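These are my notebook entries on a single protein chain. I set down what I looked up, element by element.

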Amino acid sequence: MAIKTLCEAGLKVCALNAGRQLDPAKDFRHHRLPYDMKFRGFDSPERRAQSVGYMDSEYVAPDAWEHEIAYATAEGTRWTWPRSNAVGGKTNFWGRSAARMAEIDFKAASRDGFDVDWPISYDEIAPYYTRVEEMIGVASTIQNRTSNPDGRYLPPISFRCLDHIIEAGAKKSGIPYLPDRIAQLTKEHQGHPPCHYCGNCTEGCDVGAFFSSPYFLLPTAHATGNLELRTNAVAREILVDSDGRAKGVAYIDRTNRAEREVYAKAVVVAASCATTAQIMLNSKSRHWPSGIANSSGQLGRNLCDHLYGTSGYGYLPQLLGQPSFPDNVSTATVAWLPRWQNLDNPKQEKFIRGYSFYPGGGCDVFPSYYDDIEGFGASYRAEIKRRYPTPVSFTVQAPSQRSDQNFVDIDPIKKDVFGNPQVRFHFAWDENTMKMWEHSVQVCKELFHNMGGVYQGHGEPESPGWSLHETGTCRMGNDPQHFVTNRFGQTHDVPNLYACDASVLLNCTDKTTTLSVLAFSLRTSEYIVNQFKAGSQTSTVPSRG
């Protein structure tokens with residue numbers, strides 16, 4: 001978003017990307033089914049042994065996900081970090097849920113007394129949400145809910161049979177069951193074709209029918225003639241001038257390990273929450289002995305994440321033996337159960353704030369219940385077919401809150417293959433988040449009962465980091481003594497250094513982060529343009545001679 005906005009404003013932009021440009025025609029699944037591949041889509045045992053979380057499969061190129069750049073964890077910390085450093089990053093493979101944050105999120109501290117309010121109101125950011133929705137295309141409906149404000153939407157993806165059954169059960173429980181806000185095109189939009197519902201979107205779309213930076217933002221930036229995109233450029237540190245202002249970036253060319261520098265009047269860091277903090281913490285100088293723009297000591301602190309986990313799974317006996325339909329039309333979130341907790345009374349539950357659910361189920365490529373069935377041969381296949389439409393599960397999205405114990409720093413010993421000191425994670429789920437998890441498990445049991453389903457159990461919380469929704473390492477706020485950036489993503493200490501990713505967000509909410517990252521980045525980028533117009537970006541670009 002920053003690249004597009006700055007280029008369109010007439011600024012010359014040199015963008016550094018740590019990976020290569022992907023070619024959808026060669027690097028994505030291209031409608032292949034599991035039986036078309038040697039390892040039935042799971043990839044070789046050798047590659048699976050090197051995989052982090054869910055990231056590797058035969059559906060995408062081997063280097064679409066990051067394997068070379070290592071990270072560290074503190075003693076007692078589990079952190080699963082499935083990164084994509086290809087151009088466009090995780091937007092090539094994301095889940096596409098794109099709901100707005102709300103005033104109830106930005107002013108949560110005033111309601112429940114925990115932490116601080118955001119330095120911005122919903123009314124201030126709402127126009128940017130609208131512009132982003134119109135730019136990328138979000139399918140949903142008007143829902144009139146306090147926790148998830150309405151926006152500008154394309155028609156929603158139609159409910160499946162299982163959705164109508166779950167919806168009826170949720171209504172009995174007093175829980176909303178609604179079309180998700182999903183950045184997946186249900187009609188032609190801005191020159192992009194609608195989704196043709198081939199499934200498995202999270203392995204990349206070869207026609208650009210859901211939002212990703214390479215399809216929706218970068219072509220516009222390239223068309224201006226103002227963009228120089230340097231791929232396979234692993235940022236090491238931000239360079240500073242004699243006054244401690246940002247003057248450029250030192251990086252390593254991962255193709256030949258050459259060390260290079262690029263200079264600029266302003267620097268925007270948008271490397272993802274943890275990597276942005278890593279780059280800034282590694283940017284030490286006589287001006288910034290603990291990392292650039294870190295006079296507050298808050299750089300890398302306040303790490304938050306979403307707890308994901310299967311809160312309940314089972315099946316719908318009503319659908320046994322029914323005809324099969326392609327229920328995996330988007331492999332993600334046709335529907336959602338948005339936050340319903342603590343809306344009228346901030347202390348209604350045993351936890352503060354709230355969580356949401358994403359339901360899944362029905363006919364999928366692979367029958368998850370295969371090992372629940374006895375026998376083999378014709379009778380086994382017949383039972384697989386009979387149960388095919390019936391599975392249902394619920395994935396919880398529960399936000400953690402800031403804690404002094406959750407942060408990233410730089411490992412004092414370990415370095416990655418490029419010689420950069422590794423980022424190190426310190427993290428554990430807080431008590432409030434675990435109370436949400438426990439609540440969600442009980443809710444799922446009630447849901448299965450009310451929808452006439454058979455409850456079979458629940459999973460356990462995924463490892464921290466699994467969601468890739470981390471926030472908070474460069475939190476924005478008005479007080480330079482307690483926040484790294486101001487309300488525009490501009491660092492308090494270094495006026496020509498900005499952050500344009502989830503690092504500036506104060507915490508996770510019950511919504512995903514991507515739409516908010518885009519909206520806040522658009523706002524920050526236009527602020528940068530205005531700073532240039534006012535002559536405020538005054539760092540001298542060193543001579544290249």
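The entries below concern a predicted model.

**Entry 1. Annotated regions**

I began with the UniProt record, an unreviewed entry. It lists residues 72-307 as "domain: Glucose-methanol-choline oxidoreductase N-terminal". For residues 405-520 the record gives "domain: Glucose-methanol-choline oxidoreductase C-terminal", also from an unreviewed entry. I then looked up the make-up of each stretch. Over residues 72-307 the chain is 24% helix and 15% strand, with the end C-alpha atoms 20 Å apart. Over residues 405-520 I found 23% helix and 19% strand, and the end C-alpha atoms are 27 Å apart.

**Entry 2. Helix H7**

I turned to H7, which spans residues 161-173 and holds 13 residues. From first C-alpha to last, H7 reaches 19 Å, close to the 18 Å expected at 1.5 Å a residue. Which residues of H7 are buried? I noted Leu162, Asp163, Ile165, Ile166, Gly169, Ala170 and Ser173. Viewed down the axis of H7, these buried residues fall within an arc of 160°, so they line one face of the helix. The general rule I kept in mind is that an α-helix has 3.6 residues a turn, so residues three or four places apart point the same way. Lys171 and Lys172, on the other side of H7, are exposed.

I next asked what the buried residues of H7 pack against. The partners are strand S10 (335-336), strand S11 (356-361), strand S12 (391-399) and helix H12 (431-450). After H7 comes glycine 174, whose phi is positive, near 75°.

**Entry 3. The sheet of S11, S12, S9 and S15**

S11 and S12, listed above as packing partners of H7, led me to an open sheet of four strands. Its order is S11-S12-S9-S15, and the pairing is antiparallel. S11 and strand S15 (454-457) stand at the edges with a single partner strand each, so one side of each has no neighbour in the sheet. From one strand to the next, the twist averages 30°.

I examined strand S9 (residues 306-315) against its partners. S9 and S12 run antiparallel and are joined by nine bridges. Tyrosine 315 has proline 391 in S12 as its bridge partner. S9 and S15 also pair in the antiparallel sense, over three bridges. Here glycine 314 stands opposite tyrosine 455 in S15. Is S9 mostly covered or mostly uncovered? S9 is mostly covered, with seven of its ten residues buried.

**Entry 4. The sheet of S5, S6 and S7**

I then looked up an open sheet of three strands, in the order S5-S6-S7 and with antiparallel pairing. S5 and strand S7 (258-263) are at its edges; each has a single partner strand, so one side of each is left without a neighbour in the sheet. The twist averages 25° from one strand to the next. S5 and strand S6 (residues 246-253) run antiparallel and are joined by seven bridges. In this pair, isoleucine 238 stands opposite valine 249 in S6.

**Entry 5. Helix H10**

How many residues of H10 (residues 273-281) are buried? Nine of the nine are, so H10 is largely enclosed by the rest of the structure. Among them I recorded Cys273, Thr275, Gln278, Ile279 and Met280. The cover over the buried residues of H10 includes strand S5 (233-240), strand S8 (267-269), strand S13 (407-415), strand S14 (421-426) and strand S16 (497-499). S5 is thus part of this cover as well as an edge strand of the three-stranded sheet.

**Entry 6. Leucine 299**

Last, I placed leucine 299 in the loop between H10 and S9. Is leucine 299 buried or exposed? Its relative accessible area is 3%, which is under the 20% cut-off, so leucine 299 counts as buried. Leaving aside residues up to four places away in sequence, leucine 299 touches Ala277, Met280, Leu281, Ile292, Asn294, Thr473, Cys474 and Val484. Of these contacts, Ala277, Met280 and Leu281 are among the buried residues of H10. I also checked leucine 299 against leucine 319: they are 20 residues apart in sequence and 52 Å apart in space, C-alpha to C-alpha.

Technical notes: Residues numbered from 1 in each chain as written. Predicted model: local features only at pLDDT ≥ 70, side-chain atom pairs only at ≥ 80, totals over all residues. Heavy atoms only, no water. Helix = DSSP H or I, 4+ residues; strand = E, 2+ residues; numbered from the N terminus. Expected span 1.5 Å × (residues − 1). Buried < 20%, exposed > 50% of the residue type's maximum accessible area, 1.4 Å probe, protein only. Arc of directions from axis to C-beta. Contact = heavy atoms within 4.5 Å. UniProt positions renumbered as here; feature names shortened; annotations may be inferred. Pairing = 2+ DSSP bridges. Axes fitted to C-alpha atoms, helices over the stretch in contact; angles between N-to-C directions.
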